[in-house]
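Open your viewer, switch on a cartoon view, and keep the selection tool at hand. We will go stop by stop, picking residues and looking at what surrounds them.

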Amino acid sequence: MQIRPLAAATTALGTILGFSALWLSAPTAHAAELRHGPTVIAHRGASAYAPENTLAAVDKADDLGIRWVENDVQRTKDGELVVIHDTNLKRTTDVEEVFPDRSPWKVSDFTLKEIRRLDAGSWFSPSYAGARVPTLEQYLDRVSDNHQKLLLEIKAPELYPGIERQTLRELRQGGWLDRYHVKHRLIIQAFSADSIKTVHSLRPDVKTGFLGTPAVADLPNYATFTDQINPNHKTVTREYVAAVHGFRGPHGRPLEVFTWTVDDGPTAARLAEYGVDGIISNKPDVIRDATREGSRAGGSAALAGAGAP
Ligand code: G3P
Ligand code: CA
């Protein structure tokens with residue numbers, strides 16, 4: 001486990017004072033979120049500035065002061081959970097050079113030992129050469145070290161039977177299923193309603209999100225197993241956000257809307273004014289600046305319509 005200097009110093013301070021630095025920072029961070037606009041989530045990390053779904057992208061989000069990161073979890077041939085978006089390794093690694101005879105280079109056709117050999121940074125920029133595809137365990141450790149929060153997507157769960165239980169097991173082993181994490185620091189989402197239902201049935205206390213835009217008539221059913229409806233921003237209207245907010249999820253609170261993927265300030269300001277609860281972005285700093293009080297793009301109008309994070 002690598003510990004970055006600032007995170008290590010904060011943890012050390014907590015230890016000296018006799019209580020957790022996480023506990024120290026949590027109320028302050030939460031209060032700050034409440035004062036400002038929608039929650040901003042770094043999509044695949046701050047993926048406009050660092051290679052997506054790498055530890056460098058998590059750190060970049062942290063450097064920008066972004067508390068939430070989103071990722072994508074899949075499984076290797078030998079059953080290890082790794083963080084990567086595409087179901088094959090071509091776009092974001094040098095797999096075609098390292099293993100030229102292994103087309104179509106599916107994640108599920110490679111062992112973790114093989115995936116560890118791949119460069120997941122050079123495709124983005126030479127300055128990130130040598131970045132690796134992280135395991136979920138490594139990723140969780142880094143998010144923890146940075147005192148960040150995680151929107152974890154189970155990617156293509158139909159390819160990986162049992163991945164929900166396995167993911168929950170790794171989260172528990174990494175300390176992510178204690179009461180504090182479950183209440184404040186973790187959301188699990190998927191495009192598959194069945195996958196989210198499975199997560200909810202295995203751990204009803206965990207906050208969940210469904211990726212998509214279900215018809216309003218179907219929302220009562222969704223509200224039995226998901227806390228969030230997370231739509232592509234192109235499908236979002238003011239009326240849809242209000243309709244989603246009109247239902248209470250499995251934990252008795254109004255359903256939330258985290259929308260994706262928004263990289264420009266004016267669109268973010270409009271969505272904030274619609275009342276979305278979260279905006280998922282490759283450029284989270286741009287979205288934060290556009291939706292906070294006094295910003296030229298968002299202004300107070302954005303805040304007036306913003307829902308609680
Ligand atoms: O978090 C929302 C977003 O990640 C869903 O789309 O394809 O980027 O995983 P995708
Ligand atoms: Ca995703």
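Before the first selection, one definition will help: a residue counts as buried under 20% relative accessible area, as exposed over 50%, and as partly exposed in between. Please also keep in mind that this is a predicted model.

**The whole chain**

Start with everything shown. The protein has 309 residues, and buried ones make up 54% of them. Colour by secondary structure to find 14 helices and nine strands. With a surface switched on, you are looking at about 13500 Å² of exposed area, 53% of which is supplied by carbon and sulfur atoms. Contacts reach far along the chain too: of those between residues at least 6 apart in sequence, 62% join residues at least 24 apart.

**The calcium ion**

Now select ligand 2 and zoom in. Which residues coordinate the calcium ion? They are Glu70 and Glu153, each through OE, and Asp72 through OD, at 2.1 to 2.3 Å. Along the sequence, these donors follow the spacing E-x1-D-x80-E. Follow the cartoon away from the ion and you will see how distant parts of the chain are linked here: Glu70 belongs to strand E2 (residues 68-75), while Glu153 sits in strand E4 (residues 149-154), 83 residues apart. Both glutamates fall under the 20% cut-off for buried, with Glu70 at 2% relative accessibility and Glu153 at 3%.

**Charged pairs**

Next, show the side chains of Lys, Arg, Asp and Glu. Side chains of opposite charge can pair when their charged atoms come close. The structure holds 12 salt bridges, and three of them make good stops.

- Select Arg91 and Asp86, whose side chains meet in a salt bridge at 2.8 Å from N to O. Arg91 has a relative accessible area of 36%, so it is partly exposed, whereas Asp86 is buried because its value is 17%.
- Select Asp62 and Arg67, where the closest N and O atoms of the salt bridge are 3.2 Å apart. Is Asp62 buried or exposed? Its relative accessibility is 17%, so Asp62 counts as buried; Arg67, at 24%, is partly exposed.
- Select Arg203 and Asp205, which form a salt bridge with 2.7 Å between N and O. Both partners are partly exposed, Arg203 at 22% relative accessibility and Asp205 at 34%.

Then add Arg44 and Glu52 to the Arg91 and Asp86 selection: salt bridges with shared partners join these four residues, Arg44, Glu52, Asp86 and Arg91, into one network.

**The nonpolar interior**

Hide the charged side chains and turn to the nonpolar ones. In soluble globular proteins, nonpolar side chains tend to be buried together. The largest nonpolar core here has 66 residues, and Leu171 and Ile188 have the most contacts inside it. Helix H6 (residues 136-145) gives this core its largest share, four residues. A second, separate core has eight residues, including Trp68, Leu151, Trp260 and Ile280.

Centre the view on Ile188 and show its neighbours. Beyond the residues up to four places away in sequence, Ile188 touches, among others, Leu152, Ile154, Leu168, Leu171, Val206 and Lys207.

**Lys207**

From there, step across to Lys207, which is found in strand E6 (residues 207-211). What does the side chain of Lys207 make a polar contact with? The partner is the side chain of Glu256, at 3.0 Å. Setting aside neighbours within four places in sequence, the contacts of Lys207 also include Leu186, Asp227, Gln228 and His251.

**Backbone details**

For the last stops, show the backbone atoms. Most residues other than glycine have a negative phi, and most peptide bonds are trans.

- Select Ser103 and Pro104: the peptide bond between them is cis, with omega near 10°. Pro104 is in the loop between helix H4 (95-98) and helix H5 (112-115).
- Select Asn53, which has a positive phi of about 60°. You will find Asn53 in the loop between strand E1 (39-42) and helix H3 (55-63), and its 2% relative accessibility makes it buried.
- Select Ala156, with a positive phi near 50°. Ala156 lies in the loop between E4 and helix H7 (163-173) and counts as buried at 14% relative accessibility.

Methods: Residues numbered from 1 in each chain as written. Chains lettered and ligands numbered in written order. Predicted model: local features only at pLDDT ≥ 70, side-chain atom pairs only at ≥ 80, totals over all residues. Heavy atoms only, no water. Buried < 20%, exposed > 50% of the residue type's maximum accessible area, 1.4 Å probe, protein only. Donors = N, O, S within 2.8 Å, 3.2 Å for Na, K, Ca; no water. Helix = DSSP H or I, 4+ residues; strand = E, 2+ residues; numbered from the N terminus. Contact = heavy atoms within 4.5 Å. Areas by Shrake-Rupley, 256 points an atom, 1.4 Å probe, with all protein chains shown as cover. Polar contact = N/O pair within 3.5 Å; in protein donor to acceptor, adjacent residues only side chain to side chain. Core = buried A, V, L, I, M, F, W, Y, C linked by side-chain atoms within 4.5 Å.
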